[in-house]
Amino acid sequence: MALSRDSLPALSNPLDLLLDDLKVLTAVSNIYMRSDSLHSLSFHIQHAQRLELHAPKLEELTIEEAIDLHISASKLAKVSWRGKVAYDPHRHQLANAGRHLKLLALESDGIAASLLQRFDEVDKLILNVYGFSQVR
């Protein structure tokens, strides 16, 4: 399914987009988006299988419960990765993104080492890894 301006709700800030279980999209398996003005995206749709996004001005990206991703965003500066699925560079592609981030927030049940290796420099790292018990 391709998203168009007519299929999305009105946005208070047209440069930001929050996709969180929109009823229109709950039966969708593949989502393709292209935006030359999108600056921020928070993505969490339970039944989606794949997200393809081309957004050259995208600066902030939040992904919850990662699916197959191909995101082209040359201005990407802040990434939040949340959920039970660990980053896999074969399934989760951040194309055209630089090697430096201002912020990388990892809140995951899975190992995040491969996402850390994707970037050479991170100004601020937030790391919350769930599922580890304290060793006594």
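The dialogue below goes through features of a predicted model, one at a time.

Reader: Where do I start, and which elements make up the secondary structure of the chain?

Author: Start with the list of elements, then their order. The chain has one helix and 10 strands. Along the sequence the pattern is β-β-β-β-β-β-β-β-β-α-β.

Reader: How much of the chain is buried?

Author: Of its 136 residues, 36% count as buried. The accessible surface comes to about 8,000 Å², and carbon and sulfur atoms hold 49% of that surface. For the contacts with a separation of 6 or more, 26% are between residues 24 or more positions apart.

Reader: How do I read strand pairing, and which way do E3 and E5 run?

Author: Look for the bridges between two strands, then for the direction. Strand E3, residues 40–44, and strand E5, residues 60–64, run parallel and are joined by four bridges. Within that pairing, Ser-42 stands opposite Thr-62 of E5. E5 is also joined to strand E7, residues 78–83, by five bridges, and these two run parallel as well. There, Leu-61 has Val-79 in E7 as its bridge partner.

Reader: What should I expect of side chains along a strand?

Author: In a regular strand they alternate between the two faces of the sheet. For a single case, take Phe-43, which sits in strand E3. Phe-43 counts as buried because its relative accessible area is 2%, under the 20% limit. Its C-alpha atom is 6.4 Å from that of Glu-64, although the two residues are 21 apart along the chain.

Reader: How many aromatic pairs does the whole structure hold?

Author: The search finds one. The pair is Trp-81 with Tyr-87, 5.5 Å centre to centre; the planes are at 80°, so the geometry is edge-to-face. Both partners can be checked for burial: Trp-81 is buried at a relative accessible area of 3%, and Tyr-87 is buried at 7%.

Reader: Now salt bridges. How many are there?

Author: The count is six. For each, read the distance, then where the partners lie, then their exposure. One of them joins Arg-34 and Asp-36, at 3.8 Å from N to O. Arg-34 is exposed, with a relative accessible area of 60%, whereas Asp-36 is partly exposed at 46%.

Reader: Which salt bridge involves Asp-68?

Author: Asp-68 pairs with Arg-91, and the closest N and O atoms are 2.6 Å apart. This pair links distant parts of the chain: Asp-68 is in strand E6 and Arg-91 in the loop between E7 and E8, 23 residues apart. Asp-68 is partly exposed at 26% relative accessible area, and Arg-91 is partly exposed at 34%.

Reader: Where does Arg-82 fit in?

Author: Arg-82 forms a salt bridge with Glu-107, with 3.8 Å between the closest N and O atoms. Here too distant parts of the chain are linked: Arg-82 lies in strand E7 and Glu-107 in strand E9, 25 residues apart. Arg-82 is partly exposed at 29% relative accessibility, as is Glu-107 at 23%. A network of salt bridges links Glu-64, Arg-82 and Glu-107.

Reader: What surrounds His-70?

Author: List the contacts, leaving out sequence neighbours. With residues up to four places away not counted, His-70 touches Arg-50, Leu-51, Glu-52, Leu-53, Gln-93 and Ala-95. His-70 is in strand E6, residues 68–72, and is partly exposed at 26% relative accessibility. C-alpha to C-alpha, His-70 is 8.4 Å from His-54, which is 16 residues away in sequence.

Reader: Which residues make the nonpolar surface patch?

Author: Leu-116, Leu-125 and Leu-127 make a patch of about 250 Å². Of these, Leu-127 lies in strand E10, residues 121–129. Leu-127 is partly exposed, with a relative accessible area of 46%.

Reader: What is the sign of phi at Asn-96?

Author: The general idea first: most residues other than glycine have a negative phi. Asn-96 has a positive value, near 65°. Asn-96 lies in the loop between strand E8 (92–95) and strand E9 (100–108). Asn-96 counts as exposed because its relative accessible area is 54%, over the 50% limit.

Key:
Residues are numbered from 1 along each chain as its sequence is written. This is a predicted model: local features need pLDDT of at least 70, side-chain atom pairs count only at pLDDT 80 or more; totals for chains, interfaces and linings use all residues. Side-chain values use heavy atoms; hydrogens and water are left out. Buried means under 20% relative accessible area, exposed over 50%, partly exposed in between (1.4 Å probe, protein chains only). Contact means heavy atoms within 4.5 Å. Accessible areas come from the Shrake-Rupley method with a 1.4 Å probe; for residues, only the protein chains shown count as cover. Two strands pair if DSSP finds at least two bridges between them. Patches are made of residues with over 30% relative accessible area and no salt bridge: like charges are joined within 9 Å, nonpolar side chains (Val, Leu, Ile, Met, Phe, Trp, Tyr) within 5 Å. A salt bridge is a side-chain nitrogen of Lys or Arg within 4 Å of a carboxyl oxygen of Asp or Glu. Rings of Phe, Tyr and Trp (its six-membered ring) pair if their centres lie within 6.5 Å; planes under 30 degrees apart count as stacked, over 60 as edge-to-face and the rest as tilted.
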